[in-house]
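Please work through the exercises below with the sequence and the structure open beside you. Each exercise sets a task and then solves it in steps.

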Protein chains: 2
Amino acid sequence: MNLPPLLQSFVLHFGEMGSRWGINRTVGQIYALLYASSKPLCADDIVDALSISRSNVSMSLRELQAWNLVILKHIPDDRRDYFTTPDDVWQILRTLAEERKKREVDPTLSVLRELLMQTPGSEEERHAQARLAEMQILIEQLTKWYDDVKHLETEQLATLLNLGAKVTRLLDAKDRIVSLGRKRTEPKTS
Amino acid sequence: MNLPPLLQSFVLHFGEMGSRWGINRTVGQIYALLYASSKPLCADDIVDALSISRSNVSMSLRELQAWNLVILKHIPDDRRDYFTTPDDVWQILRTLAEERKKREVDPTLSVLRELLMQTPGSEEERHAQARLAEMQILIEQLTKWYDDVKHLETEQLATLLNLGAKVTRLLDAKDRIVSLGRKRTEPKTS
DNA sequence: CATGAATTTCAGTAATTTCTGAAATTAAAG
DNA sequence: CTTTAATTTCAGAAATTACTGAAATTCATG
């Protein structure tokens, strides 16, 4: 591996963390490298930087593209593909959420729905269905929230985050204000 | 595998999904089994239900305990350990969030902090640090939100979920009401 | 349509992870 | 202290996943 020490530490860390997420080491390393580099890299740049085989780079880039995590760029008079990550970290977060939902949540939801259509053949199955129903309801609530929130602009999303648990207090406050007929109150927005 | 068909489908699905999350097939299957069973199971029950070796069950249960995902129960006049999952799916969600944060987010945050302490030795490193800083800020915002929200009672959490993106509208409404005419600088609304 | 640079595919191999059975350990009861 | 049931540990086997190099493919250009 042939990288400035800081970049190398970052890349190695992402590689290790990769396995804790569902992705493999190389994919994690390539992503980290693209993320932190100041300009787009082509496959051979990655080969040089990480000392891995050309074919491994090819397959890993394909994987990253399937996740929509990289952007393909072209440089004039150069046939090669160059890759970067989006500049906006919020956009990256959105993509990550979307893809993980697609791969990790949606299939489970569809299995739960299917199994809940069946008629239980025993007391044991009846109980199991009740448990699956609880899980289904939870996941549906979460995905409903997600579908709602994912359309927000970055600034609004940041506002929502900063608000955090205070939302519930805000709700109370609004109830009070509205029910009192717009009496003037101190703003408590942060 | 010796289970009612509905339970078997659920268990097999969790096993497969297991690998998309960081956990392995057996651990996923055992968790699913414990989750959907009407009473606590001991290691040998699991061996029978899933047709896997006793030692595998032992190691997998240990893994689940490390994740705080199972509850250990005892039955009078029986030396064996019996396992279940918590009844409350919201509690399960909280545990899952906490453990995943601990394993998948915190280590990255600490690496980012460490690397951002260093003095960049080149323009390339300077740029990398800027990118790491963006990532750090995002992660810190998210974990701050999480730390705030995780203490909420289930009912409040459900309220917050149901509110979703409407929070921003609520905020606007409150601003309008309390500031009596002073308009907030608008983000570009989609 | 031949050339050659860039890239992808894929079969075989390497590395890693998971799983098992045998042996070791633990701990309750005689 | 011994017996015995329950559990854990761990070395090796099995299974899975990741990686490589060689061959095949793609595609812009002469």
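**Exercise 1. Determine how many residues of chain A are in contact with chain B, and which elements supply them.**

Solution. Taking two residues to be in contact if their C-beta atoms, placed from the backbone, lie within 7 Å, one finds that 64 residues of chain A are in contact with 63 residues of chain B. On the side of chain A that touches chain B, two or more residues each come from α1 (5–20), α2, α5, α6, α7 (154–163) and α8 (166–179) of chain A, where helices (H or I, at least four residues) and strands (E, at least two) are DSSP runs, numbered from the N terminus. The most, 15 residues, are given by α6(A). Sorted by class, this side has 34 nonpolar, 17 polar and 13 charged residues; Ala, Val, Leu, Ile, Met, Phe, Trp, Tyr, Cys and Pro count as nonpolar, Asp, Glu, Lys and Arg as charged, and the others, Gly among them, as polar.

The model is predicted: local features need pLDDT of at least 70 and side-chain atom pairs count only at pLDDT 80 or more, whereas totals for chains, interfaces and linings use all residues. Residues are numbered from 1 along each chain as its sequence is written, while chains are lettered from A and ligands numbered from 1 in the order in which they are written.

**Exercise 2. Find what turn and shift lay chain A on chain B.**

Solution. Superposing the copies by least squares on the C-alpha atoms of residues with pLDDT of at least 70 in both, one obtains an RMSD of 0.1 Å after a turn of 180° and a shift of 0.0 Å along the axis. The two copies are therefore related as by a two-fold rotation axis. The same surface serves both copies, since 92% of the contact residues of chain A recur in chain B.

**Exercise 3. Describe helix α1 of chain B and what covers its buried residues.**

Solution. Helix α1 of chain B, residues 5–20, has 16 residues and reaches 23 Å from its first C-alpha to its last, which is close to the 22 Å expected at 1.5 Å a residue; the expected span is 1.5 Å times one less than the number of residues. Its buried residues are B:Leu6, B:Leu7, B:Phe10, B:Val11, B:His13, B:Phe14 and B:Gly15, a residue being buried if 20 or more other C-beta atoms lie within 10 Å of its own, exposed if 12 or fewer, and partly exposed in between, with C-beta atoms placed from the backbone. What covers them includes α5 (89–117) and α6 (123–149) of chain A, together with α2 of chain B.

**Exercise 4. Identify which residues come nearest to DNA strand C and which are closest to DNA strand D.**

Solution. A residue is near a strand if its C-beta atom, placed from the backbone, lies within 6 Å of it. Around DNA strand C there are 21 residues, of which A:Ser55, B:Asn24, B:Ser53, B:Ser55 and B:Asn56 come nearest. To this surface α4(A) gives the most, with 6 residues. DNA strand D is surrounded by 20 residues, the closest being A:Asn24, A:Ser53, A:Ser55, A:Asn56 and B:Ser55. Here the largest share, 5 residues, comes from α4(B).

**Exercise 5. Locate A:Ser53 and decide why A:Ser53 counts as buried or exposed.**

Solution. A:Ser53 lies in the loop between α3 (43–50) and α4 of chain A. Because A:Ser53 has 11 C-beta neighbours inside 10 Å, this residue counts as exposed.
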